[in-house]
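User: Could you walk me through a few surface spots on this protein? I'm new to this, so keep it simple.
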Amino acid sequence: MHGIYCIISLLRLPLILPSPLVFVPRPTASTADSHFEGFDAEDDDAVDEEPLDHHAIRSPPLTQSDSQPTPDPETQSNSDPNPVPTSDPLPQSDLQKPSTTTFEYWDEDEFEGLPVEQPPPEPPKVTENATPDDSDPKTTPKPQETAVSKKSFMVEIICGAFLIAFVINYFTGKRENENLALAWAAKFATKGSIFEKNFSLLGVGEGEDSPLLLKEGQNVFKFYASGRRYCQGLLATMELKSRHDLISKLFNLVVPCKDEISFEVYMNEEAMDQVVFAMAKKKAAKGMQKEVRDLQRFAGLVANPSGRKWVAEELSVISESKEVAGDLITEAVLEQVFGDKAFEKYGKDFISMHFSDQHPGTHKKMLLFKFGLPDANRMADMTRLVALVPYYIDLIGRYKLSSQARSKTEAARVKAAQEAYKELQNARQEALQKKKAERKKMLEEAEAKLSADAVRKKEAKDRTRQMKKAMPRMKMTRGH
Amino acid sequence: MSSHNNNSASVNDPRQPSAAKPFVAQPVSPQDLPVDYSGFIAVVFGIAGVMFRYKLSSWLAIIFCAQSLANMRNVENDLKQISMAMMFAIMGLVTNYLGPARPGTQS
């Protein structure tokens with residue numbers, strides 16, 4: 001009996017196996033965990049269920065045989081062809097007998113296992129298996145089951161929600177950044193604005209109505225202008241907050257950052273004298289002096305000169321000489337932006353500026369300005385700061401050092417150039433030495449290989465000699 | 001502008017149309033581009049998700065893929081890495097949710 005049951009279950013197994021493949025959506029960890037056991041469970045389940053069906057189908061006949069109504073048609077149908085009057089009781093008894101025999105027959109054939117084995121496990125197993133089967137795909141019935149499924153879907157819900165939020169934020173943040181950049185361009189680069197009055201070519205494209213801004217990524221915008229005296233061009237780069245990126249937005253809650261705009265002015269070679277000058281907030285200035293190469297080499301912090309109006313308290317000036325600093329910080333600038341009073345009002349977006357004729361990189365003579373960007377609707381706040389750009393282009397374009405200062409700076413530059421040359425030569429020499437060492441190494445390796453080859457050859461020779469020695473004997477033995 | 005006489009030299013127009021040079025985008029070598037951390041993290045999470053069948057990891061990989069996609073600057077260059085990360089992430093999710101196929105795939 002048990003054997004048959006096992007065979008049945010084995011036969012069912014391949015039928016059941018593919019079923020999970022087809023019924024895919026079973027995400028829960030619980031099913032995953034119970035998978036190995038689940039095999040048995042599912043088998044039992046299926047086996048149970050099917051016999052159950054058999055039972056359900058077949059049990060009625062059992063009752064039917066006892067009960068009257070169904071046998072009646074049978075008997076009638078059977079009795080109709082039979083001679084009607086003679087045997088009313090007989091056919092019934094006859095029929096009943098076959099029926100009972102058939103039931104016995106049935107019992108032996110298929111019910112073998114069923115009446116004995118199935119009924120006991122039935123009640124508990126049915127309840128057990130039925131509920132998870134229902135709860136898994138539908139995720140409804142029992143509170144415990146729902147709790148489990150909820151927990152297992154938590155990750156999906158959270159991640160899905162975050163993804164949706166990310167996508168929404170991407171579009172809103174992108175729009176916000178674009179609006180900010182456009183607000184800046186509308187304020188400073190349209191007709192009648194500062195840049196339009198100072199540069200003959202605006203925008204990154206060619207032709208009259210070229211786009212003003214070049215978008216690089218979602219948070220970097222570039223603005224280009226050219227065609228002005230003393231300089232070849234100006235490139236403004238707006239680096240905005242990553243508003244389009246929810247993750248960096250969240251990160252920026254912890255580490256705040258600002259919208260910044262930096263101007264690079266490429267000066268004409270002949271238009272800029274030997275000037276190294278920078279100005280920034282006190283802390284930043286110290287950092288710049290240490291880190292920026294040309295400032296580190298040529299310039300130092302300049303103390304506030306006595307008996308003269310000077311920049312606001314928060315600012316400090318780095319310059320090659322006092323003379324340069326004094327000449328570049330003019331009365332007008334102090335009055336407009338950098339003086340004590342004006343700076344409080346207009347300078348809050350100022351970050352730094354840095355002029356140098358020794359800029360590292362392809363273009364040496366450059367003016368760099370760095371400002372913070374105000375909100376889109378407060379763009380006018382930085383008008384004075386932006387106006388510094390053309391002002392300093394003109395100022396530096398016209399500026400000539402006095403002969404005394406010039407000789408000093410000349411000496412410094414010659415010295416620097418010599419150092420650079422020396423460094424270059426050192427580097428070259430080092431490279432040469434490295435090459436030599438490498439070649440030497442290669443040669444040695446090759447030699448070692450050669451020697452190894454030689455050793456191998458010798459060994460091989462020895463072996464052959466020994467073989468030769470051994471050979472005759474072999475022959476001798478074979479000869480016998 | 002007129003409010004401050006910064007351009008007191010606006011006696012004459014500072015503009016010089018003849019000196020105008022059109023904008024030339026500076027070619028940026030791939031090495032100079034900022035490192036795509038999110039793409040890298042996405043790949044790491046994606047691989048971890050596939051290896052350990054840890055679905056949270058795969059989901060995180062997808063989220064970082066989205067971030068990397070949002071921060072993409074150079075389409076051809078970055079798309080490769082992102083698509084790789086995306087593949088890993090989706091593969092992880094597929095193996096996770098079509099879970100019962102595991103014994104076959106695990107070999």
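Here are some short questions and answers about patches, places and one record.

Analyst: Sure, and keep in mind that this is a predicted model.

User: Is Glu344(A) buried or exposed?

Analyst: Let's place Glu344(A) first: it sits in helix α16, residues 340-346 of chain A. It also belongs to a negatively charged surface patch with Glu313(A), Glu314(A) and Asp340(A). Exposed means over 50% relative accessible area. Glu344(A) has 67% relative accessibility, so it counts as exposed.

User: Which helix holds Lys457(A)?

Analyst: Lys457(A) helps form a positive surface patch, along with Lys461(A), Arg465(A), Lys468(A) and Lys469(A). Its relative accessible area is 64%, so Lys457(A) is exposed. As for its place in chain A, look at residues 403-479: that's helix α18.

User: What does Val255(A) count as, going by its relative accessibility?

Analyst: Val255(A) joins Leu250(A), Phe251(A), Leu253(A) and Val254(A) in a nonpolar surface patch of about 540 Å². Along chain A, Val255(A) is in the loop between α11 (246-254) and β5 (260-267). Values between 20% and 50% fall in the middle class. With 41% relative accessibility, Val255(A) therefore counts as partly exposed.

User: How far apart are the end C-alpha atoms of residues 37-54 of chain B?

Analyst: An unreviewed UniProt entry lists residues 37-54 of chain B as "transmembrane region", and residues 82-99 too. In the model, the 37-54 span is 89% helix and 0% strand. The distance between its end C-alpha atoms is 21 Å.

How values were computed: Residues are numbered from 1 along each chain as its sequence is written. Chains are lettered from A and ligands numbered from 1 in the order in which they are written. This is a predicted model: local features need pLDDT of at least 70, side-chain atom pairs count only at pLDDT 80 or more; totals for chains, interfaces and linings use all residues. Side-chain values use heavy atoms; hydrogens and water are left out. Patches are made of residues with over 30% relative accessible area and no salt bridge: like charges are joined within 9 Å, nonpolar side chains (Val, Leu, Ile, Met, Phe, Trp, Tyr) within 5 Å. Accessible areas come from the Shrake-Rupley method with a 1.4 Å probe; for residues, only the protein chains shown count as cover. A salt bridge is a side-chain nitrogen of Lys or Arg within 4 Å of a carboxyl oxygen of Asp or Glu. Lys and Arg count as positive and Asp and Glu as negative; His and the chain ends are not counted. The place of a charge is taken as NZ of Lys, CZ of Arg, CG of Asp or CD of Glu. Helices (H or I, at least four residues) and strands (E, at least two) are DSSP runs, numbered from the N terminus. Buried means under 20% relative accessible area, exposed over 50%, partly exposed in between (1.4 Å probe, protein chains only). UniProt positions are given in the numbering used here, feature names are shortened, and annotations may be inferred rather than shown by experiment.
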